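Colleague: I have a structure open and want to learn how to read it. Can we take it feature by feature?

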Amino acid sequence: MSPQAAKELQQDPLPSGRPRAFWAVFGVVAAGLLGYSAVGDTFALSNLANFLLYVPMALGLGLLWGYCGVLSFGQAAFFGIAGYVYGLIAGNLVDVAGGTLVAAAGGIVGAALVAAAFGYFVFYGQVSGWIIPLLTLVLSLILETFMAQTAGYQWRIGRVLFGGYNGMTSIPSLRIGPVEFSGPTTAFYLLVVGLSLLAYLGLRSLVGSRYGFILVGTRDDIERTRMLGHNVDFMQVQVFTLAAALAGLSGVLYVSWGNYMNPSNMGLLAATLPVVWAAVGGRESLVAVFLSTVALRALADTLAVRGGEYAFLIMGGLLLGTMLFFPAGIVVSLARAWQRRTQSFGPRASRLAKSEREPGVLK
Amino acid sequence: MSLPYIVNLLYQFADNVAFLLLAALGLMIILGVLDVINLAHGELIMLGGYVTTLAFYRWHLPLAACIVLSVIAVGLFGLLLERTVIRRFYHDKLGALVATWGISLILSQGILIVLGPSLQSVPLPDWTVSYGVYSFGGYRLLLFAVVVLVVVLAWWVFYHTRLGVQTRATMQNADMAQALGIDTRRIYLLTFAAGSALAGLTGALYAPTTTIVPLMGTTFVDVAFITVVVGGGANPIVGALTSATVLSLIATPLSSVLGTFFGRIGLLIAALVIIRFLPRGFSGYLRDLQRRRMAQAAT
Amino acid sequence: MSVGTPPVSGEILLQTTDLTKSFGGIRAVDHLTLTIARGELRCIIGPNGAGKSTLFSLLTGLHRADSGRILFRGEDITRLAPFRRVQKGICEKFQTTRIYRRLTVGQNLLIPRAMRGSENGQLKWALETLGLADEIDRPAGELYHSHQQWLEICLALATEPDLLLLDEPTAGMTPDETALTAQFVVDLNAHGVTVLVVEHDMAFVRYIARQVTVLHYGRIFAEGALAEIESDQDVRRIYLGEE
């Protein structure tokens with residue numbers, strides 16, 4: 001059937017239903033984040049920017065796992081690939097105007113290309129669901145091991161050293177004309193707020209579109225969807241690549257923020273984090289993933305004072321607890337409980353009851 | 001090529017096969033029977049290493065006794081894990097994978113907090129065998145012998161005991177097996193415990209050869225995961241044997257020429273190419289082949 | 001009655017030649033040669049394990065044939081990927097109902113890939129006839145069993161197929177629902193959709209079928225008009241006798 005006809009049949013194109021209410025809330029949040037740049041001190045802004053820069057990577061996994069049903073531990077690997085590629089290009093083009101933009105594009109494209117090649121083999125092989133998390137984990141491990149042994153002068157391209165275990169340092173920040181987007185600047189904070197909100201809006205409209213429903217179809221019954229005429233193997237490669245590109249964006253922002261990248265950023269523990277964020281928030285809701293990413297980054301940052309092992313211990317506990325007691329995610333479960341409470345009041349009850357049944361209550 | 005050189009290559013090959021088999025067999029048995037991936041497998045191996053090392057230094061037990069103790073301890077831990085966590089996820093296999101990842105983090109970071117960044121390793125028994133210009137680690141040869149023993153034992157349990165028949169029935173059709181009076185929950189419990197005990201054995205056996213650190217499991221799981229992916233879950237023993245052999249054939253020359261890292265990259269690429277054509281791994285492919293033979297024989 | 005009689009008139013839509021598929025030691029489909037003309041409404045009957053569902057999965061590409069050929073509108077589709085066959089115009093309603101239970105009816109209908117992209121009058125008619133037009137906002141998992149079956153037929157119809165394969169479309173339905181389904185299939189066929197139906201319910205088969213193919217051990221056992229088939233002693237023995 002044609003999309004137009006389908007839209008006629010469907011009264012609610014977006015499951016969240018109330019576009020005016022959505023835009024009002026979104027407007028308040030965006031204004032709050034942007035307005036904070038006028039009042040927050042440099043340290044607070046830089047910290048918040050650091051939390052927010054992981055949002056595109058996490059949202060990419062939310063799309064891939066929550067909407068497409070493909071679990072990947074590869075987001076950190078693509079984050080790292082983009083960061084290193086950015087560093088290589090930016091370090092060599094440091095004197096060229098617009099060099100860092102070329103580097104940013106190169107980093108994101110590099111991550112996307114690796115993902116597309118990897119995705120071709122696993123998705124066109126139509127492998128079982130457990131193979132992708134396993135092989136992406138192996139990819140992370142191997143990349144970490146590789147980068148960790150690239151110490152010394154023989155490991156360099158142009159004037160940039162890989163840096164081995166200590167990582168690549170003195171990576172130039174993004175620069176557009178006279179504006180430099182380095183960690184402690186307001187410009188960087190505004191860039192990160194803008195990009196993370198943009199990533200959210202873009203993905204929200206993607207999952208609300210017909211393509212999004214087809215993705216959900218591949219998640220719920222891949223064979224039925226294939227047998228309704230879709231090249232689902234190719235669609236999965238597309239989504240896997242898009243998720244990797246978003247991780248790449250986060251990687252580029254990260255090196256622009258801190259001017260360094262080291263192997264542990266793409267290693268085993270780093271590979272865990274996007275999965276924890278998506279699972280704990282609720283992988284089928286982009287809002288929940290957004291919120292839990294920022295909250296858990298802040299939590300880890302607080303715990304890191306006592307040592308990284310405590311942060312990872314808590315992350316592991318959260319992950320296990322979520323899977324045992326809130327498989328849909330903590331934020332999503334709380335939202336549902338709240339909806340159930342309010343359901344018994346007023347004329348909106350039936351409407352809420354309806355939206356609760358639908359997947360992705362909070363898009 | 002001289003004879004000693006060939007013997008040396010064979011030794012490297014056997015060493016690789018032993019490592020892959022020990023790292024992957026437990027994981028694969030659990031996958032084959034429960035259809036669950038235990039991402040905490042590496043940490044169970046780590047626990048095996050820790051139990052052996054602690055028992056060796058604190059209780060001054062002989063190495064062999066330490067190894068037996070590790071097998072029992074980690075097997076019991078697996079029993080506990082199945083009871084408390086794994087069995088809640090038999091309806092959601094990817095959920096089990098994520099939950100066990102949480103367990104793996106808790107174990108590795110918990111050990112790091114409680115026991116610190118590293119332990120002193122158990123001294124490696126210095127038996128060596130010389131041939132030509134090469135000398136071979138006697139302990140490594142012993143490892144290979146243990147692997148052969150483990151595989152034979154697993155084969156015997158799987159094909160020649162009542163428990164093995166019940167397990168294979170459960171693998172083929174759990175509902176039917178249950179209807180026929182097989183306690184499938186018990187099969188799952190015992191299988192998970194056996195897979196865990198194998199992890200404990202692996203950690204214990206390799207404890208004298210590596211540094212004992214909380215993240216030591218990761219040096220096993222990357223190759224273990226590749227072995228499992230390439231072997232497939234259709235038949236754990238056949239899958240593990242074929243996969244470990246083929247991957248060692250690839251890794252041995254690559255590592256000896258280009259180094260360990262490129263050996264591992266080669267394994268990952270080999271795995272990607274193999275699953276592109278054999279998405280159910282070697283054991284799935286062999287099963288299909290066997291069915292096709294039966295079909296031809298029937299005509 | 002003869003085996004494998006070609007249809008008397010009309011363009012050939014689907015033709016299988018020596019189609020064979022084995023599972024383990026069993027030949028589910030055995031050198032099957034079948035011809036379907038455009039506009040036909042053909043029932044395929046046969047005892048359990050006769051190879052009916054396997055035939056469908058070979059036609060849709062869910063399983064690869066061991067040997068033999070499938071021609072659709074004169075084109076060899078034997079090795080074509082399943083989704084391409086849907087794009088060519090073959091779609092199946094599976095034996096066990098497979099819809100997207102967590103999505104609403106309307107959202108379900110967004111998923112099938114429509115070939116022509118124009119207004120699909122047929123689908124609109126189908127939704128109204130089957131009472132699904134009023135259920136657009138209801139999650140598919142909350143529909144009655146019969147409505148779930150019908151929704152899957154509508155999903156298949158949304159791909160605008162030339163050849164619709166229905167695998168036991170009335171399984172688990174009440175007699176009234178079966179009658180409605182039968183009338184619907186007849187009307188759909190009158191709209192120009194070629195339909196192949198696998199069904200056990202002989203009341204349903206009597207209602208809709210003009211041509212019937214009897215499969216037995218993966219081969220065509222008999223083929224012809226329903227009346228001839230029902231009076232055939234051999235068919236009664238292998239199949240109808242069981243009812």
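Modeller: Start with the vocabulary: helices and strands here are DSSP runs, at least four residues for a helix and at least two for a strand, numbered from the N terminus. Keep in mind that this is a predicted model.

Colleague: How many helices and strands are there in chain B?

Modeller: Chain B has 12 helices and two strands. Along the sequence the pattern reads α-α-α-α-β-β-α-α-α-α-α-α-α-α.

Colleague: How does the radius of gyration of chain B compare with the globule rule?

Modeller: The value is 20 Å, close to the 19 Å that the rule gives for 299 residues, so chain B is as compact as a globular protein of that length. Its C-alpha trace spans about 55 × 50 × 35 Å along the principal axes. Buried residues make up 49% of the chain. Take the contacts in chain B with a separation of 6 or more: 76% of them join residues 24 or more positions apart.

Colleague: Now the contact between chains A and B. How many residues does each chain give?

Modeller: Chain A gives 36 residues and chain B gives 34. On the chain A side, the elements giving two or more residues are helices H6 (99-124), H7 (131-148), H12 (268-281) and H14. H7(A) supplies the largest share, 11 residues. By class, that side of chain A has 27 nonpolar, eight polar and one charged residues.

Colleague: What should I look for in a single helix, say H14(A)?

Modeller: Begin with the general rule. An α-helix has 3.6 residues a turn, so residues three or four places apart point the same way. Next, check the length. H14(A) covers residues 308-325 and reaches 25 Å from first C-alpha to last, close to the 26 Å expected. Then check burial, where the cut-off is 20 or more other C-beta atoms within 10 Å. The buried residues of H14(A) include A:Phe312, A:Leu319 and A:Met323.

Colleague: And a sheet? What is the strand order in chain C?

Modeller: The order is S6-S7-S8-S3-S9-S10, an open sheet of six strands with mixed pairing. S6 (90-93) and S10 (219-225) of chain C stand at the edges with a single partner strand each, so one side of each has no neighbour in the sheet. The twist averages 20 degrees from one strand to the next.

Colleague: In which sense do S3 and S8 of chain C pair?

Modeller: They pair in the parallel sense, over four bridges. C:Ile44 has C:Val198 in S8(C) as its bridge partner.

Colleague: Which helix packs on that sheet?

Modeller: H5(C), residues 145-158, touches S6 and S7 of chain C. The direction of H5(C) makes about 170 degrees with that of S6(C).

Note on methods. Residues numbered from 1 in each chain as written. Chains lettered and ligands numbered in written order. Predicted model: local features only at pLDDT ≥ 70, side-chain atom pairs only at ≥ 80, totals over all residues. Expected span 1.5 Å × (residues − 1). Buried ≥ 20, exposed ≤ 12 C-beta atoms within 10 Å, placed from the backbone. Contact = placed C-beta atoms within 7 Å. Nonpolar A, V, L, I, M, F, W, Y, C, P; charged D, E, K, R; others polar. Pairing = 2+ DSSP bridges. Axes fitted to C-alpha atoms, helices over the stretch in contact; angles between N-to-C directions. Rg over C-alpha atoms; globule rule 2.2 N^0.38 Å.
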